[in-house]
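This text walks through one protein model, starting from a single residue and widening from there. Keep the sequence and the coordinates open while reading.

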Amino acid sequence: MADKDGAKASKDFGVGVPPPEQGGFPVKGAGHLDWGMQHRLARMFDPVSGNTVMLAFDHGYIMGPTSGLERLDLVIPPLAGHVNVLMGTRGAFKTCVPPTVQKPIVLRGTYDTSVLFEDMSVGGGIAVDMANAVAMDASAVAVQTFVGAPGEKNSLELLARTVDAGTAAGVPTLGVVAVGKDMARTEEFFLLATRLLAENGAHVVKSYYCDGFERVTAACPVPIVIAGGKKLPEADALAMAYRAIAEGARGVDMGRNIFQAEDPAAMAQAVGQVVHHGFTATEAFTFYQDTKA
Ligand code: R5P
């Protein structure tokens, strides 16, 4: 307990010094959120660039041991230091990522049907409720959505309920745009899907790069981060990341193009040079070649 007899007289009230600026929160669309939400978002987005490199390693939740992720415990911890955020499932974090890893985590909050099921786009349900997400110190909870597919209604309901629960707990929601195998990856589709997720409350949207991407990012009132998709040659993946950032993405949530790269640590760093330091695709590829083991 403070000792009142020894207290120094208060005198430095900063009279005449204006109070701190309360506006100007740097994450798009987040200026009116509550303190806990902003605090979590501020962990995810770099304070200087305003962008983020998220490492996605949640593929096993529907695909089992994907190439490059056979041993999460061996692959993920060494990469953590090269990215801003780790995105995975509860089971992966609890078994394979030490809690001493000082990185914000995005927790996959929904389950879906596996690749053996006839149609993954029917969607699933809640895998981790908000109390458990808070217990894991999640910086955001990710919800998979299936716009234009059989699982649309169910997944939008899961998104809305997650946004409700997350708002009460101060935890942002990452809305994930899923693309079915028969769906065209068009500007028209991504304009619709990204805007729809944001208007239903997602605080960050994960989507895909497409032609006309600058219009997709302009029309979406929250930050868009792009998934990498199937493995590309490293130069092509860096070129895609460069175009996405140049056209308004606030980062990447990339999996296979990092952990399936010939040198995943070098690739994670090269992506970071594009996302945070304005490297061109060519500069980043040179960096990758110079850095890889
Ligand atoms: C997709 O739903 C999963 O959430 C993956 O995390 C996502 O596809 C990103 O991984 P990749 O860059 O390998 O596509």
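Val-177 is buried: its relative accessible area is 1%, and the cut-off for that label is under 20%. The model is a predicted one, and this value, like the others below, is computed from it. Val-177 belongs to strand E7, which runs over residues 173-177.

What does Val-177 touch, once neighbours within four places in sequence are left aside? Its contacts are Thr-145, Phe-189, Phe-190, Ala-193, Thr-194, Leu-197, Val-205, Lys-206, Ser-207 and Tyr-208. For one of these contacts, Leu-197, there is also a backbone distance: 20 residues separate Val-177 and Leu-197 along the chain, and their C-alpha atoms are 8.1 Å apart. Phe-189, Phe-190 and Tyr-208, which are among the residues in contact with Val-177, are themselves linked by ring pairs into a cluster.

That cluster leads to the aromatic rings. A pair of aromatic rings is described by the distance of the centres and the angle of the planes. The protein has six aromatic pairs by the rule used here. In one of them, Phe-57 and Phe-93, the ring centres are 5.4 Å apart and the planes meet at 70°, so the pair is edge-to-face; that label applies to angles over 60 degrees. The two residues are 36 positions apart, and the pair links distant parts of the chain. Phe-57 sits in the loop between strand E1 (52-56) and helix H2 (60-63), whereas Phe-93 is in helix H4, residues 90-96. Phe-57 has a relative accessible area of 2% and is therefore buried. Phe-93 is buried as well, at 5%.

Phe-285 and Tyr-288 make another aromatic pair, this one stacked, with 6.2 Å from centre to centre and 25° between the planes. Both residues are in helix H12 (residues 281-291), and because they are three residues apart there, about one helical turn separates them. Are these two residues buried or partly exposed? Phe-285 has a relative accessibility of 25% and counts as partly exposed, while Tyr-288, at 1%, counts as buried.

Next comes the stretch around helix H1. Val-27 lies in the segment before H1 and is buried, with a relative accessible area of 7%. Apart from residues up to four places away in sequence, Val-27 touches Leu-41, Phe-45 and Pro-223. Val-27 and Met-44 are 17 residues apart in sequence, and the distance between their C-alpha atoms is 9.8 Å.

The loop between helix H1 (35-44) and E1 holds Ser-49, and Asp-46 is found there too. Ser-49 is buried, with a relative accessible area of 18%. Asp-46 has 22% and is partly exposed. The cut-off of 20% falls between these two values, so the labels differ. Beyond its sequence neighbours up to four places away, Ser-49 touches Arg-250, Val-275 and His-276. With neighbours within four places left aside, Asp-46 is in contact with Asn-51, Asn-84 and His-276. His-276 thus appears in the contacts of Ser-49 and in those of Asp-46. From Asp-46 to Phe-146 there are 100 residues in sequence and 29 Å in space, C-alpha to C-alpha.

Another loop, between helix H5 (130-135) and strand E6 (140-145), contains Asp-137. What sign does the phi of Asp-137 have? Its phi is positive, about 60°, although Asp-137 is not a glycine. Asp-137 is partly exposed, with a relative accessible area of 42%.

These residues belong to a protein with twelve helices and ten strands. Its radius of gyration is 20 Å, close to the 19 Å that the globule rule gives for 293 residues, so the protein is as compact as a globular protein of that length. The C-alpha trace spans about 75 × 45 × 40 Å along the principal axes. Of the 293 residues, 51% count as buried.

Among contacts with a separation of 6 or more, 64% are between residues 24 or more positions apart. The protein exposes about 14,300 Å², and carbon and sulfur atoms supply 55% of that area. There are 24 positive and 31 negative charges, and the mean positions of the two sets lie 3 Å apart.

Notes
Residues are numbered from 1 along each chain as its sequence is written. This is a predicted model: local features need pLDDT of at least 70, side-chain atom pairs count only at pLDDT 80 or more; totals for chains, interfaces and linings use all residues. Side-chain values use heavy atoms; hydrogens and water are left out. Helices (H or I, at least four residues) and strands (E, at least two) are DSSP runs, numbered from the N terminus. The radius of gyration is taken over C-alpha atoms; the globule rule is 2.2 Å times the number of residues to the power 0.38. Buried means under 20% relative accessible area, exposed over 50%, partly exposed in between (1.4 Å probe, protein chains only). Contact means heavy atoms within 4.5 Å. Accessible areas come from the Shrake-Rupley method with a 1.4 Å probe; for residues, only the protein chains shown count as cover. Lys and Arg count as positive and Asp and Glu as negative; His and the chain ends are not counted. The place of a charge is taken as NZ of Lys, CZ of Arg, CG of Asp or CD of Glu. Rings of Phe, Tyr and Trp (its six-membered ring) pair if their centres lie within 6.5 Å; planes under 30 degrees apart count as stacked, over 60 as edge-to-face and the rest as tilted.
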